[in-house]
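Before you form your own view of this model, please read the numbered points below alongside the sequence and the coordinates. They take up the sheets and then the ligand site.

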Amino acid sequence: MKVTFPRMGYLDIPLRSILQDLGLTVVTPPPCTARTVALGTRHSPEFACYPFKLNIGNYLEAFAQGADTILMAGGSGPCRFGYYAQVQREILTDLGYQFEMLVLEPPRGQIDVLLRQLAKLTGHPDLRTVWRAFRLGWEKINALDALERKAMATRAYEMQRGAVTRLLAKAVKEVDAAASVLETRLARRRGEEAMAAMAKKRRQALRIGIVGEIYTVLEPFANMRVAERLGEMGVEVERALFLGDWIRTNLFLDALGLRRERPEVRAARPFVNHFVGGEGRESVGNTVLYSKRGFDGVLQLGPLTCMPEIVAEGILPRVSRELGIPCMTLMFDEHAGEAGILTRLEAFVELMERRRRAKGERSEGGKMLSGN
Ligand code: SF4
């Protein structure tokens, strides 16, 4: 059995680590490129969402390297995600591939469902092996999230252009190579310290929060590296979504039946008070939370035709108006062009700079008036 899975940000690193430690042979699809897009779009329905097409491209590239088993997440809810795995299976079967597809469904309070699904994949390794594999994988997830957070917080202040991105790549490689929890922690600490040492904060940079559909937010190829580009424009970036947080809520707490209402869901309530699929409601709630924390703007990312993000996009102008926070939406598909994305980012940053200057002038005026 040679297992593969779709790429999404740094997910391949902990997942490969866990599966290999459980004794499986893993074929990681190569990073997404124009070839992945071409393969995915050629064999997907035209109106399928962009992540669906990239997944198909990933599978085909992994099949070419010998993969014969796909591990995919399942889902339910108002959007199309619940059908992803089934439709992908049909497409690949029609293309003549012979493979197994294992769909990990959300456990919904039943931990035994999750464990049975894993046992089906791995046979029945002893509990010690399972614990060790997951312990290390979880440490890697947390390390990668922390390194990404640090990179987004420091890139705006780097003393040498591109230095933080290079340090992040080096640290990610070290986390990937780490063979124990201790080695992972050391790689994380070294990476965080190196990035902090490269940053010199002379003034508070503009702060932008990124919200949106999870795949587009996490996968830099799908969003054309917007977080990195904003950082290089001198903007401090914070992302509302990280792999670790998502797994904690949607797998662990859900499996144990301990899932509680999250702050972003509560914050969204005046604007949208029911689940709209994907991360649509969270996009609204996180925008509210960023506004309360004094961020200069919010960037919403999603794939073109993503229903939950379209719902959120329709609500965000009201949030923006009522809470006074600028919001911009970028939707991606195989036709999105880098130049257009860059121009829109630059215009958004300029708008926020002007707002900040205007605010500064107003408060200067206010001080003078009160001084008189
Ligand atoms: S959340 Fe959006 S991108 Fe994801 S499956 Fe649903 S519609 Fe497609």
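**Notes on the sheets and the ligand shell**

1. Val 3 stands opposite Thr 69 in strand E3, where strands, like helices, are DSSP runs numbered from the N terminus (H or I with at least four residues for a helix, E with at least two for a strand). Two bridges join strand E1 (residues 2-4) to strand E3 (residues 69-73), and the two run parallel; strands are said to pair if DSSP finds at least two bridges between them. This is a predicted model, in which local features need pLDDT of at least 70 and side-chain atom pairs count only at pLDDT 80 or more, while totals for chains, interfaces and linings use all residues. Residues are numbered from 1 along each chain as its sequence is written.

2. E1 and E3 belong to an open sheet of four strands in the order E2-E1-E3-E4, with parallel pairing. Strand E2 (25-26) and strand E4 (100-104) each have a single partner strand and stand at the edges, so one side of each lacks a neighbour in the sheet.

3. E3 pairs with E4 in the parallel sense over five bridges, and in E4 the bridge partner of Leu 71 is Leu 102. Between the two strands the chain passes through helix H4 (residues 81-94), a β-α-β crossover that is right-handed (with the strands pointing away from the viewer, the path from the first strand over the helix to the second runs clockwise).

4. Another open sheet of four strands has the order E6-E5-E7-E8, again with parallel pairing. Its edge strands are strand E6 (235-239) and E8, each of which pairs on one side only. From one strand to the next the twist averages 25°, taken between axes that are lines fitted to C-alpha atoms, with angles running from 0 to 180 degrees between N-to-C directions.

5. In this sheet, E7 is joined to strand E5 (residues 206-212) by five bridges in a parallel arrangement, and Gly 212 has Leu 301 as its bridge partner in E7. E7 also pairs with strand E8 (residues 327-332) in the parallel sense, over six bridges; the chain goes from E7 to E8 through helix H14 (residues 307-323), in a right-handed β-α-β crossover.

6. Is strand E7 (residues 297-303) mostly covered or mostly open? Seven of its seven residues are buried, meaning that 20 or more other C-beta atoms, placed from the backbone, lie within 10 Å of a residue's own. Gly 297, Leu 299, Leu 301 and Pro 303 are buried on one side, and Val 298, Gln 300 and Gly 302 on the other.

7. Pro 303 has Phe 332 as its bridge partner in E8, and Pro 303 is also one of the residues around the ligand, among them Cys 49, Arg 80, Phe 81, Glu 213, Cys 306 and Met 307 (near means a C-beta atom, placed from the backbone, within 6 Å). The shell has eight nonpolar, two polar and two charged residues, and it draws at least three residues from each of domain 1 (2-125) and domain 3 (204-372), with bounds that come from an automatic or database domain assignment. Ala, Val, Leu, Ile, Met, Phe, Trp, Tyr, Cys and Pro count as nonpolar, Asp, Glu, Lys and Arg as charged, and the others, Gly among them, as polar.

Methods:
Buried ≥ 20, exposed ≤ 12 C-beta atoms within 10 Å, placed from the backbone.
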